[in-house]
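The exercises below ask you to work through a structure step by step, reading its overall build before turning to single residues and their contacts. Try each task with the model open, and then compare your reasoning with the worked solution.

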Amino acid sequence: MMQSFISMGIVTIIWFCIGFSLAFGPDINGIIGGVKYAFLNGIGMEANPDYATNIPFVTFFSYQEMFAILTPALVTGAFADRVNFKSYLVFLIFWSLLIYIPLAHWVWGGGFLAQLGVVDFAGGIVVHASAGLAALASVFVVGKRRNLSKVETEPHNVTHVALGTALLWFRWFGFNAGGVLGANALASTAFINTDIGASVAMVTWLVISWLHEKTPSFVGVLTGAVAGLATITPAAGYVKPWAAAIIGLIAGIVCYLAVQFRKKLEWDDALDVWGVHGVGGITGTILLGIFAQKDINGISGLIEGDVYQFGIQVFGMLFAAAYAFVVTMIILKVVDKFIPVRVSEEEERLGLDASLHHEEAYHM
């Protein structure tokens, strides 16, 4: 929780000072934005002709800030209980500057991937694929938790898992429908596609896991819903509801298999960030190139799924995923040279609440 909350504080400061400008400032050779909007310079109540022509520019700033905050926070789910808080703070800063901000510019800020035609409605590449591959890289660099038992891998409170998923699902409507940057028919389509994709994936996960594990798992159902949400995200405003249902079906199957694959190889991704968010974001990004339709509910001018769009989506996804994976590994290894990334065996045995923060989550 500390790692997630501190992301809001640190990334907000980065975003305010220079992050937003580097992501959405005037393009420099397709690689990065300029410093035009540093410290909210020129960002006010007026709409911007390049971004969000129907809402105040400062509203667009805050909407994009949400993505910047939550993406590195997603990565923390993979290395729970193992990482030194000091090294995490350094990692958070450099991950935001070297991975999230460039990716946001390349895809959403007019960078080279956008110039090639790569699209991502609300974060399949920029958020989920990048976080998922960064999570996988961190699993390889940080290593497994010591003395890992079945008890330690189970949720300590399933009702909290349900509450978190409910809040997340509700918030995802703003996450995806908000990508339209206006209240209109396309936003309504993105909204219902989000719900359909998540629902179909949830039921698909239930059926598969019930057949495979011989029990209807509530945590499995909740995980399937999140997989559907992640997978429909890049396509939410580009496909029709029937396609959202197919995407949800594929999400439930592919992400479930990814989680089982991770378990077989014994990768210690504590919250299955790679299998759910990473594989989900990658799958949705590819399927977008197949199912996108140029006319959605009378709104024309969108993209069309065809051979070129499919190919460019695959290229953009592979490039971004590889970049996030490799640079994450480099950041962690460099940080480890100065501040140990992994806590000591004794600190891990005591638990990070007690050993690093000197606080207890519960007092009986």
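## Exercises with worked solutions

**Exercise 1.** Locate R145 in this predicted model, decide whether R145 is buried or exposed, and find what its side chain contacts.

*Solution.* Begin with the position in the fold: R145 sits in the loop between helix 5 (124-142) and helix 6 (150-153). Next, turn to accessibility, where the relative accessible area of R145 is 12%; because the cut-off for a buried residue is under 20%, R145 counts as buried. Then inspect the side chain, which makes a polar contact of 2.7 Å with the side chain of D268. Finally, follow the charged partners outward: D81, R82, R145 and D268 are joined into one network by salt bridges that share partners.

**Exercise 2.** Describe the overall build of the protein, and explain why its radius of gyration agrees with that of a compact globule.

*Solution.* First take the secondary structure, which comprises 14 helices and two strands. For the extent of the chain, the C-alpha trace spans about 60 × 50 × 40 Å along its principal axes. The comparison with a globule then follows: for 364 residues a compact globule would have a radius of gyration near 21 Å, and the protein has 20 Å, so the two agree. As a last step, consider burial, since buried residues make up 52% of the 364 residues.

**Exercise 3.** How many salt bridges does a search of the whole structure find, and which parts of the chain does the bridge between K144 and E266 link?

*Solution.* The search of the whole structure gives eight salt bridges. One of them pairs K144 with E266, whose closest N and O atoms are 3.2 Å apart. This pair links distant parts of the chain, 122 residues apart, with K144 in the loop between helix 5 and helix 6 and E266 in the loop between helix 10 (241-265) and helix 11 (273-291). K144 has a relative accessible area of 44% and is therefore partly exposed. On the other side of the pair, the backbone of E266 deserves a separate look, for E266 has a positive phi of about 60 degrees although it is not a glycine.

**Exercise 4.** Which salt bridges does the side chain of E348 form with R146 and with R342, and where does R349 lie?

*Solution.* Start with R146, whose side chain meets that of E348 in a salt bridge of 2.6 Å, N to O. E348 lies in helix 13 and R146 in the loop between helix 5 and helix 6, so the bridge ties together parts that are 202 residues apart in sequence. The two partners fall into separate accessibility classes, because E348 is buried at 13% relative accessibility, while R146, at 32%, is partly exposed. The side chain of E348 also meets that of R342 in a salt bridge, at 3.0 Å, N to O. Now move to R349, which belongs to helix 13 (residues 345-350) and is exposed, with a relative accessible area of 56%. Although R349 and D81 are 268 residues apart in sequence, their C-alpha atoms are 9.5 Å apart in space.

**Exercise 5.** Which residues make the nonpolar surface patch of about 300 Å², and in which helix is F94 placed?

*Solution.* The patch is made by I93, F94, L97 and L98. F94 is placed in helix 3 (residues 85-108), and at 40% relative accessibility F94 counts as partly exposed.

**Exercise 6.** Where does N29 lie, and what is notable about its phi?

*Solution.* The residue lies in the loop between strand 1 (27-28) and strand 2 (32-33). Its phi is positive, at about 55 degrees, although N29 is not a glycine. In terms of accessibility, N29 counts as exposed at 72%.

**Exercise 7.** Establish the number of disulfides, and classify C17 and C255 by their accessibility.

*Solution.* With the criterion that the sulfur atoms of two cysteines lie within 2.5 Å, the count comes to zero disulfides. The relative accessible area of C17 is 24%, and C17 is therefore partly exposed, whereas C255, at 0%, counts as buried.

Note on methods
Residues are numbered from 1 along each chain as its sequence is written. This is a predicted model: local features need pLDDT of at least 70, side-chain atom pairs count only at pLDDT 80 or more; totals for chains, interfaces and linings use all residues. Side-chain values use heavy atoms; hydrogens and water are left out. Patches are made of residues with over 30% relative accessible area and no salt bridge: like charges are joined within 9 Å, nonpolar side chains (Val, Leu, Ile, Met, Phe, Trp, Tyr) within 5 Å. Accessible areas come from the Shrake-Rupley method with a 1.4 Å probe; for residues, only the protein chains shown count as cover. A salt bridge is a side-chain nitrogen of Lys or Arg within 4 Å of a carboxyl oxygen of Asp or Glu. Helices (H or I, at least four residues) and strands (E, at least two) are DSSP runs, numbered from the N terminus. Buried means under 20% relative accessible area, exposed over 50%, partly exposed in between (1.4 Å probe, protein chains only). A polar contact is a pair of N or O atoms within 3.5 Å; within protein, one must be able to donate a hydrogen and the other to accept it, and residues adjacent in sequence count only if both atoms are side-chain atoms. The radius of gyration is taken over C-alpha atoms; the globule rule is 2.2 Å times the number of residues to the power 0.38.
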